[in-house]
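Welcome! Have a look at the sequence and the 3D view below, and then we will walk through a few places together.

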Amino acid sequence: MNGDTAAQTPTGTDHTAQGGVGVPVLTDQPSPAVPGPRAPGPGEPRPRPDWLRSLARFGYTPPPQPPLAERLVPPMPDGPGVTPHRVAPSPLLLRLGIALPAPLWSWLCRWAGWLGPLAVALFAGVLRFGNLGEPHAIIFDETYYAKDAYALWHGGYEINWPDGANEKIIAGDPVPYRPDPSYVVHPPVGKWIIGAGEVLFGMNPFGWRFAVALLGTLSVLMVARIARRLFRSTLLGCVAGLLLAVDGLHFVLSRSALLDLVVMFWILAAFGFLLLDRDRTRARIAARLGGVADAAAARRLNLGWRPYRIAAGVCVGLTCATKWSGLYVAAAFGVLTVLWDAGSRRLAGAGRPYLWTLVRDVVPAFVSVVVVSVVVYVTSWWGWFASSTVPGRGGYGRDWAVGRSTDYPWIPEGLRALWHYHSTVYDFHTHLHDPHTYQSNPWSWLVLGRPVSFFYESPKQGQAGCTASECAREVLGIGTPLLWWAGVVALAYCLWRWAARRDWRAGAVLCGLAAGYLPWFAYQERTIFLFYAVAFVPFIVLAVTMLVGALIGPAGASRDRRIIGSTAAGLLVLLIVWNFLFFHPLYTGETIPMDDWRRRMWFNSWI
């Protein structure tokens, strides 16, 4: 994400291994009627708590507190306005005999925050767009969304397709379109996006997968920039981007015309905008306070116009307008941004920060996230609203309210019809219990208990490039195992950082994961699948990246500690990349000998 100059500092401090920006709580002065020590005035140091003074008896010396402005907004590691115009040569490159011209080296350092993430995103794009049209088939739920997308772009609403439509589409015959409305249970935004690729490249596998592959590639760039801002480290930002680029589930969903990757994209975008809003708001607070905590000023602060939070609300609305699971994201991110505001006011010196946040910040946050997302959601149905109210000539249920009596005549017919439609959709989602071969319980998702086979063929020798007596060709929706299993450890680490060290970064990662994961536990009887988990894959990646930063160690650690930690972190990342390459044939539908396929079926539940 952009905004490198949020904290203008001449050096790029690496905050990778710090415990966030939490500091001892600054309270108001005590009431004059209550005897007690005088509260420090503006700019005076706060007294240390009793438990910290007790530790001092045993030789513990707390680290020095940075200035208030730096605690509010730690400096970015590099970038325009942060990195000096002239940067000293790298000792490592010099030892390797590489001496770049000083202007080039300084330019590379100044723009490393963009060049690194862009390079990782380019790598992800090559992977995702390579041979994107294969398998040349309609795989798994593409049978719904690819055709719904075509119908939206050609008529504004989804339709019923005649028998044999899939075969005609794959054969390249004229698309058998007819204006017969179909009952669908997902909002239209994801299908509009899929259809954009069909408009550009035609009604074929490459066309309906193009837009999703583009979003998958952009999400790698986004997670790299988000991790860089979250951990204040360009290196960790690039690590996060690389890990997302080589996650199998993200990779498969990036190459399939399904809605779940689109959901993930908008969730990640909303999180990134909230992170930008947090930095921008804290920078404004620091500027208004002049670098000195002030209880009265912290209470009165008007945090002003917050365009990034409104943009987050738009993204949350687009999430909901792709799949209803975005409703939980709206609730979680709404709470998250309010808690961040309370933390900002507390750090600025406000006593009872949650009370003042409730008074001053909750309503603007509700409008920015919830109201904006509702407006975006309703607007996303414009094609359905614009369709005819004549039965059989418009979107499904568009004519429901025409001539129907109601106790609410002041509500437009279109909105009443949409509300009725949504009530039937809700009933469908909550009563979907049809068994499926590849359904799974959310308890098994993090350990990849039951993946989903999107496509499978068993070609014989001489067929589809098969060189053995029997081969397999599969697209398996499964995450990179070593990444996900490391993610379980990383999530435990984040829980500890959040609970024991009050690390806001760990809390933010856990909030994003909880919004995409925990709601599914309320629907364990429903037919659900592992690929729904792609919505929170970026937060698994951020958790693993935080663990990698902890392995590397703080910048002030000893040389041996950094070498050992960096070696362990590098080995973990390399093993994950190897694991992705090992499973790559199963992600792309490559024809491989059956024995090679069996070697990749590590558990019976994967078959």
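A residue counts as buried under 20% relative accessible area, as exposed over 50%, and as partly exposed in between. Glu590 has a relative accessible area of 39%, so this residue is partly exposed. Keep in mind that this is a predicted model.

Where does Glu590 lie? You will find Glu590 in the loop between helix H23 (559–588) and strand S3 (591–593). Setting aside neighbours within four places in sequence, Glu590 is in contact with Ala472, Arg473, Glu474 and Pro585. Arg404 is 186 residues from Glu590 in sequence, and their C-alpha atoms are 55 Å apart in space.

Now to the interior. The largest nonpolar core has 144 residues, and among those touching the most other members are Phe333, Trp484 and Phe536. Helix H12 (residues 260–289) gives the most to this core, with 13 residues. A second, separate core has 13 residues, including Ala286 and Leu301. Back in the largest core, the residues that Phe536 touches include Trp445, Trp484 and Tyr517, not counting those up to four places away in sequence.

Helix H12 also packs against helix H14 (residues 307–320) at an angle of about 165°, with the axes 8 Å apart. Because of that angle, H12 is roughly antiparallel to H14. H12 passes H14 in a left-handed crossing. Among the residues making this contact are Trp266 and Phe273 of H12, and Tyr308 and Val316 of H14. The contact residues divide as follows.

| Kind of residue | Number in the H12–H14 contact |
|---|---|
| Nonpolar | 15 residues |
| Polar | one residue |
| Charged | three residues |

Definitions and conventions. Residues are numbered from 1 along each chain as its sequence is written. This is a predicted model: local features need pLDDT of at least 70, side-chain atom pairs count only at pLDDT 80 or more; totals for chains, interfaces and linings use all residues. Side-chain values use heavy atoms; hydrogens and water are left out. A nonpolar core is a set of buried Ala, Val, Leu, Ile, Met, Phe, Trp, Tyr and Cys residues joined through side-chain atoms within 4.5 Å. Buried means under 20% relative accessible area, exposed over 50%, partly exposed in between (1.4 Å probe, protein chains only). Helices (H or I, at least four residues) and strands (E, at least two) are DSSP runs, numbered from the N terminus. Contact means heavy atoms within 4.5 Å. Axes are lines fitted to C-alpha atoms, for helices over the stretch in contact, and angles run from 0 to 180 degrees between N-to-C directions. Angles under 35 degrees count as roughly parallel, over 145 as roughly antiparallel, 65 to 115 as roughly perpendicular and the rest as oblique. A crossing is left-handed if the near helix is turned anticlockwise from the far one by less than a right angle, and right-handed if clockwise. Ala, Val, Leu, Ile, Met, Phe, Trp, Tyr, Cys and Pro count as nonpolar, Asp, Glu, Lys and Arg as charged, and the others, Gly among them, as polar.
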